[in-house]
Amino acid sequence: MSELLVDFITSLDGHASGEGWPGFWGLEGPEYLAWLGEQPEATHLMGANTYRQMSGFAAGQVPNGQDEFRPEEEASVDELTQASKVVFSSSLEEPLTWANSTLVRDDAVEAVRAMKSSGSGLLSTIGSLSLCRSLLRAGLVDRFRVVMFPVITGATGAERIYDGYPDVALEMIEHRTFDGRIQLVEYKPRVLEHPPLGSPA
């Protein structure tokens, strides 16, 4: 059975991006980049908006506010191009132009449920906030990982991650600091029907 990882990089205040900021908020360091390079092979899951953005980067479209890609950003996009990708969308048309991408028009929750039961590798989300929220609500997420960068993007932050989420209990299974400033926390999530009635054990 496949394992599903929801994987976010965020500002401290829970934004997935910020207007005018470079990738990784410009704060990636050698320890973090080395860790990224050690990650196991995965099939990446995404929605249409993330596909449009990332495939645009792969085709050479530079993010707003930048004149060119930084080497770290270029390497990250190149790795994603080589990886297997599944895109859930009713608006995109086949064939998808980004290499190694498969379009799925079926309900994403049911499709991922089937992928988990029939597969054996790692499934990992990239961006796609509404997809991640739906998969979490459905109880399909095995691991919930957040890498927090030391910035608060109160004025320029975009894509607030946790809006619309249910209440979720999180059991920590991993934590780590990279380059003395970037914090990783990884949890096993459990969706709650209501807040706990008693004190935590």
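How many helices and how many strands are there in the chain? The chain has five helices and ten strands, both taken as DSSP runs numbered from the N terminus, with helices being H or I runs of at least four residues and strands E runs of at least two. This is a predicted model, in which local features need pLDDT of at least 70 and side-chain atom pairs count only at pLDDT 80 or more, while totals for chains, interfaces and linings use all residues. Residues are numbered from 1 along each chain as its sequence is written, and side-chain values use heavy atoms, with hydrogens and water left out.

The radius of gyration of the chain is 17 Å, close to the 17 Å that the globule rule gives for 201 residues, so the chain is as compact as a globular protein of that length; the radius is taken over C-alpha atoms, and the rule is 2.2 Å times the number of residues to the power 0.38. Along the principal axes, the C-alpha atoms fill a box of roughly 55 × 40 × 30 Å. Of the 201 residues, 42% are buried, where buried means under 20% relative accessible area, exposed over 50%, and partly exposed in between, with a 1.4 Å probe and protein chains only. Among contacts (heavy atoms within 4.5 Å) with a separation of 6 or more, 71% join residues 24 or more positions apart.

In soluble globular proteins, nonpolar side chains tend to be buried together. Here the largest nonpolar core has 25 residues, and those with the most contacts inside it are Leu4, Phe8, Leu45, Phe88, Val112, Leu135 and Tyr165; such a core is a set of buried Ala, Val, Leu, Ile, Met, Phe, Trp, Tyr and Cys residues joined through side-chain atoms within 4.5 Å. Elements giving two or more residues to this core include strand 1 (3–11), helix 4 (108–118) and helix 5 (129–137), and helix 5 provides the largest share, five residues. Leaving aside neighbours within four places in sequence, Phe8 is in contact with residues including Cys132, Phe144, Ile161 and Tyr165. A second, separate core of 14 residues includes Met46, Ala48, Phe57 and Val87.

Ser89 lies in the loop between strand 4 and strand 5 (101–104), and Ser89 is buried, with a relative accessible area of 7%. Its side chain reaches the backbone nitrogen of Ser91 at 3.0 Å, and a polar atom of that side chain also lies 3.0 Å from the backbone nitrogen of Leu92. Beyond neighbours within four places in sequence, Ser89 is in contact with Ala48, Leu103, Val104 and Arg105.

Terms used. Polar contact = N/O pair within 3.5 Å; in protein donor to acceptor, adjacent residues only side chain to side chain.
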